[in-house]
Amino acid sequence: MTLRNNLSRAAILTSVLSLFLASTSVTSSCTAHDVAATQQTAQTRAAGTSLTLTLKGIELSFHWAPAGVFVMGSPENEPGRYDDEVQHEVTLTHGFWLAETETTQRLWDAFMPENPSGVTDDPQLPVERVSWDDCVAFIEKLNAECADVLPQGYRFALPTEAQWEYACRAGNYAPFNFVEANDLAKAMEQEVSDPYEVVLQGINRSELQPVRTNSKPNAWGLYDMHGNVYEWTDDVYDYRYYLRDDATLDPKGSDVGKNRVLRGGSWLYGVAFCRAAARARNVPATRGYNYGFRLALRAVED
């Protein structure tokens, strides 16, 4: 009788242990690939190094932007330039990862209850008609549900305005990261009404496009940094911000103001608004029908 009772207890304990192990071995819906990329140090990782995360079955690639120094803004003779694009040297002391593409509707739908986009016939279209507040809510969900797959010490975030332009340029100081400065200079010599139309021939800018279909990647592997949808950044907009002395080291935007910065231009507006230095802004609650965003992985201390 005692032996039978002991066997029964053992069977019960085995069943309980099996259930416990099963419950603790459930895998996250978010996983990381390219583990070698995360194990490299920020000092040795090459610009453009890729990192792929799988978020609820959807692969999302990021590319590395190393710490560095660059000239932000545009020269005074750049066609289409505005006065808030004052050229100045910026130092970024933290490297960061920037998403290869704008955030797609497929990824948005995996985490959010409703898709606000006006054009929904392709899940690879950028999510649009999102406010800055919507972007922050989406990012909070990612950090809550997928933080375990991030490189150590990083978090999902919007890029700062300086980070966005730095990654967009990827070392190229022409108005567009896929156009050589010499080609633009030659177009300007032709005395045409819009030199950008000469150097951007063959690119469809008249309607929203699925990601990766309408441009070549820049030197760091990033697509659609010019046009498609405007991209929200983290910064508060200030017309005079880049005249300040403290806007040269890891700038994060003004501490006073109502508007947030958008970058990259969109399919809706003229090509000059899509230049690397072009700045736009709106209040955080605005759901512009050409507004989207691109994810960044930023250092926790950044």
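Show the surface of the whole protein chain to begin: about 14,700 Å² is exposed, and carbon and sulfur atoms supply 51% of that area. Keep in mind throughout the tour that this is a predicted model. If you colour the chain by accessibility, 48% of its 302 residues count as buried. Switching to a cartoon view, you will find 7 helices and 12 strands. Among the contacts in the chain with a separation of 6 or more, 68% are made by residues 24 or more positions apart.

**A patch on the surface**

With the surface still displayed, select Y82, L268, Y269, F273 and Y289, which together form a nonpolar patch with about 500 Å² of accessible area. Within this patch, look at Y289, which is found in the loop between strand 10 (279-282) and strand 11 (291-293). Because its relative accessibility is 47%, Y289 counts as partly exposed. Now hide the surface and show the rings of Y82, Y230, W232, Y269, F273 and Y291, which are linked into a cluster by ring pairs.

**Aromatic pairs**

Next, display the aromatic side chains of the whole chain; the structure holds 15 aromatic pairs. Zoom in on W64 and Y154, whose ring centres are 6.4 Å apart and whose planes stand at 75°, so that the pair is edge-to-face. W64 lies in strand 3 (residues 58-65) and Y154 in strand 7 (residues 154-157), so this pair ties together parts that are 90 residues apart in sequence. Are these two residues buried or exposed? W64 counts as buried because its relative accessibility is 1%, and Y154 counts as buried at 17%.

Then select Y166 and W220, another edge-to-face pair, with 5.2 Å from centre to centre and 75° between the planes. Here Y166 lies in helix 5 (residues 161-169), while W220 lies in the loop between helix 7 (195-199) and strand 8 (230-236), so the pair ties together parts that are 54 residues apart in sequence. Both Y166 and W220 are buried.

**Helix 5 and what follows it**

Staying with Y166, extend the selection to the whole of helix 5, where 9 of the 9 residues are buried, so the helix is largely enclosed by the rest of the structure. Among these buried residues are W164, C168 and R169.

Pick R169, which is found in helix 5 and counts as buried because its relative accessibility is 3%. Leaving aside neighbours within four places in sequence, R169 is in contact with F70, V71, G73, A174, N177, A276 and A277. If you also mark the C-alpha atom of N218, you will find a separation of 7.8 Å from the C-alpha atom of R169, although the two residues are 49 residues apart along the chain.

Just after helix 5 comes A170, with a positive phi of about 50°. Most residues other than glycine have a negative phi, and A170 has its positive value although it is not a glycine. A170 is found in the loop between helix 5 and helix 6 (181-189), where it counts as buried because its relative accessibility is 12%.

**Charges over rings**

Move now to K56, in the loop between strand 2 (50-55) and strand 3. K56 also has a positive phi, of about 55°, although it is not a glycine. With a relative accessibility of 35%, K56 counts as partly exposed. Show F111 as well, and you will see that K56 lies over the face of its ring, at 4.5 Å from the ring centre. For another arrangement of this kind, select R260 and W132, where R260 lies over the face of W132, at 3.9 Å from the ring centre.

**Two buried residues to finish**

Which residues does Q105 touch, not counting residues up to four places away in sequence? Select Q105, whose place is in helix 3, and display its surroundings: N115, S117, V119, T120, D122, P123, L125, P126, V127 and E128 are touched. Q105 counts as buried because its relative accessibility is 2%.

The last stop is T101, in the loop between strand 6 (96-99) and helix 3 (105-111). Because its relative accessibility is 4%, T101 counts as buried. Apart from neighbours within four places in sequence, T101 is in contact with V211, R212, Y223 and R294.

Notes. Residues numbered from 1 in each chain as written. Predicted model: local features only at pLDDT ≥ 70, side-chain atom pairs only at ≥ 80, totals over all residues. Heavy atoms only, no water. Patch = residues over 30% accessible without salt bridge, like charges linked within 9 Å, V, L, I, M, F, W, Y side chains within 5 Å. Areas by Shrake-Rupley, 256 points an atom, 1.4 Å probe, with all protein chains shown as cover. Salt bridge = Lys/Arg side-chain N within 4 Å of Asp/Glu carboxyl O. Helix = DSSP H or I, 4+ residues; strand = E, 2+ residues; numbered from the N terminus. Buried < 20%, exposed > 50% of the residue type's maximum accessible area, 1.4 Å probe, protein only. Phe/Tyr/Trp six-rings, centres within 6.5 Å; stacked < 30°, edge-to-face > 60°. Lys NZ or Arg CZ within 6 Å of the ring centre and 35° of its normal. Contact = heavy atoms within 4.5 Å.
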